[in-house]
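Biologist: Could you take me through this model, chain by chain and then across the contact?

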There are 2 protein chains.
Amino acid sequence: MLQAPSPKALIPFVSVENMMRLVHHIGVEAFLEELAGVIEDDFRRWGAFDKTPRVASHSREGVIELMPTSDGEIYSFKYVNGHPKNMAHGLQTVTAFGLLAEVSTGYPVLLTEMTLLTALRTAATSAMAARHLARNGARTMALIGNGAQAEFQALAMKAVLGIEHVRLYDIDPAATEKTIRNLAGSGLSVTGCPSSQAAIEGAEIITTCTADKQFATILTDNMVGAGVHINAIGGDCPGKTELHRDILLRADTFVEYPPQTRIEGEIQQMAPDYPVTELWQVVTGLTPGRRDDRQITLFDSVGFAIEDFSALRYVRERLRGTDFFQEIDIIADPDDPRDLFGMLQRARA
Amino acid sequence: MLQAPSPKALIPFVSVENMMRLVHHIGVEAFLEELAGVIEDDFRRWGAFDKTPRVASHSREGVIELMPTSDGEIYSFKYVNGHPKNMAHGLQTVTAFGLLAEVSTGYPVLLTEMTLLTALRTAATSAMAARHLARNGARTMALIGNGAQAEFQALAMKAVLGIEHVRLYDIDPAATEKTIRNLAGSGLSVTGCPSSQAAIEGAEIITTCTADKQFATILTDNMVGAGVHINAIGGDCPGKTELHRDILLRADTFVEYPPQTRIEGEIQQMAPDYPVTELWQVVTGLTPGRRDDRQITLFDSVGFAIEDFSALRYVRERLRGTDFFQEIDIIADPDDPRDLFGMLQRARA
């Protein structure tokens, strides 16, 4: 028999199954609302974080990225892939997992699935941004692109902003049908539409979340009326955008971290000094968000490591007192730290 | 009850306990010898790999690093920390875990502890380098610094080169005693020595693996005789070196990946264009390794991502047909990839 691992060797691991249990334990909307609050708190202390563009490994089929950050006490990183062709083979376009570690010791303290958690944090970030950028009293949103992110976006906007009506469009009607089915019973009124143009009618918030890896034009300039807030999720890597550049020219653009967004976001279409506002400056009140009811605001969202940090620390807090995790022995921790080999040897006995 | 996760959602996880079982199943020396061969194979196809310096997050107490690489088919990364003060608190200076993923889909295929595996791959890399750089027929090695890496180094040199005698020195005699105890029964003749000077007497290979994060001088120039091979392991991050620069000036220096070694290795003491030879060029026969019996060779080892890649793919191969792993459900993989929310909803039922 092997000796039991020392307590320091064990870290909580949240499987997909346990993440789903945790989400239902809290409630999807409550989870999204609380998470939006945690993300906003971390945007308020933006200066405390190490910020570095993600480390990307590109291939013909997609990209694998590592997204690290730290607030000086806790370190986090996320592993995430983006493979648009995966869907055709029955696989997720985006899968992810993530980790928290103590900066002072380098010891991991949490490992968790982040495919679901990324969907939740992306939606929570969108809703947090929309709280600052959309018109007051917005009740209707359009959702162009009804894939894996769609329902999370709708519920986050409902939970955080009080959105009541969702208008859907996808080039594949089956995706829209799936979203309608999944949102039945959510309290939202949901309408499938025959075109993007139809979907955005009357919408104060337009969310684009399509997945093609190409320069696409999901929205053109003449479609976008005064006063809307555009939440652009799908343009999130080099060579992948969703909006015509003329829309950008009419809108005020808000971003997470300019050095990353200029490479990955909608603004990759624009000059390197194209003016943008950093969202954390709006959140802290340094810069105004929406100025008037005619302004078109654009959140050019690509997803940033600090949002994952927030999501991980939220999960870590909410795990306390639950059993929604397994302990896995991932750290070799011999009694005498210099005696790694002795630990190995004793395991043979 | 939840639905069972789909097979694609499950990946093998090798805990510390299972890694120890795997190592004993294969045998420590056979593991080191086979692994040295796999690392050498990957050095032979050096050009096939993405190479990037590791992504480091430095703090007052240490560093947390991510080390990614890819050969175009398989992607790997390692999480590893280096916290010299950990030992004083009963923690490992270095802990690590790692992952393999398919480049074509981005899906992880293996997650494993790498604290033990890093110790094994570091020793296997040292032995592989020494096979090309040490004098033929070397039988005696000195080991300065008798911490967590010591026994692995001794056994790798025995397994790969046929080293018979090991001479130990550490500023803490308890560390030397621990190493003597652990190597009893290994077939090596082991001698504890009262000083570095005494330890290196008659040694054809000198391995330095001390852990202080500072510019230290474990070896000075007058101590090093003609013909030795120096395997410098401990100088592996900015501000941490072990050798006096005069030794470097008398030696021919071999490195893993110059852009990283110039920042982290012994040669951080030298000018940015200080001449070095890349080990892969020796392994492939492009450049000679040791030229004569008087030459002093120095392997300025800092550890490179490709060695971890090799170790991970070796473990993956050797796991086949064993039960030295658990399956963990870390990837959310709904039947319809666009229906992530539906999967979450069905889990509530």
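What follows is a set of questions and answers on the fold, the symmetry and the interface.

Modeller: This is a predicted model, in which local features need pLDDT of at least 70 and side-chain atom pairs count only at pLDDT 80 or more, while totals for chains, interfaces and linings use all residues. Residues are numbered from 1 along each chain as written, chains are lettered from A in the order written, and side-chain values use heavy atoms, leaving out hydrogens and water.

Biologist: How many helices and strands does chain A have?

Modeller: Helices (H or I, at least four residues) and strands (E, at least two) are taken as DSSP runs numbered from the N terminus. On that basis, chain A has 11 helices and 17 strands.

Biologist: By what relation can chain B be laid on chain A?

Modeller: Two copies of a chain are related by a rotation about an axis and a shift along it. With least-squares superposition on C-alpha atoms of residues with pLDDT of at least 70 in both copies, chain B is laid on chain A with an RMSD of 0.0 Å by a turn of 180 degrees and a shift of 0.0 Å along the axis. That is the relation of a two-fold axis.

Biologist: What area is buried between chain B and chain A?

Modeller: The contact (heavy atoms within 4.5 Å) takes 76 residues from chain B and 76 residues from chain A. Of the buried area, which is the accessible area (1.4 Å probe) lost on putting the two parts together, summed over both, carbon and sulfur atoms give 68%. The total is about 7,100 Å².

Biologist: Which residue of chain B forms a salt bridge with Arg338(A)?

Modeller: A salt bridge here needs a side-chain nitrogen of Lys or Arg within 4 Å of a carboxyl oxygen of Asp or Glu, and the count between chain B and chain A is 2 salt bridges. In the one formed by Arg338(A), the closest N and O atoms are 2.8 Å apart, and the partner is Asp172(B).

Biologist: How many residues apart in sequence are the parts that Glu164(A) and Arg139(A) tie together?

Modeller: Glu164(A) forms a salt bridge with Arg139(A), with the closest N and O atoms 3.6 Å apart. Because Glu164(A) lies in the loop between helix H4 (150-161) and strand S8 (165-169) of chain A, and Arg139(A) in the loop between helix H3 (115-133) and strand S7 (140-144) of chain A, the pair ties together parts that are 25 residues apart in sequence.
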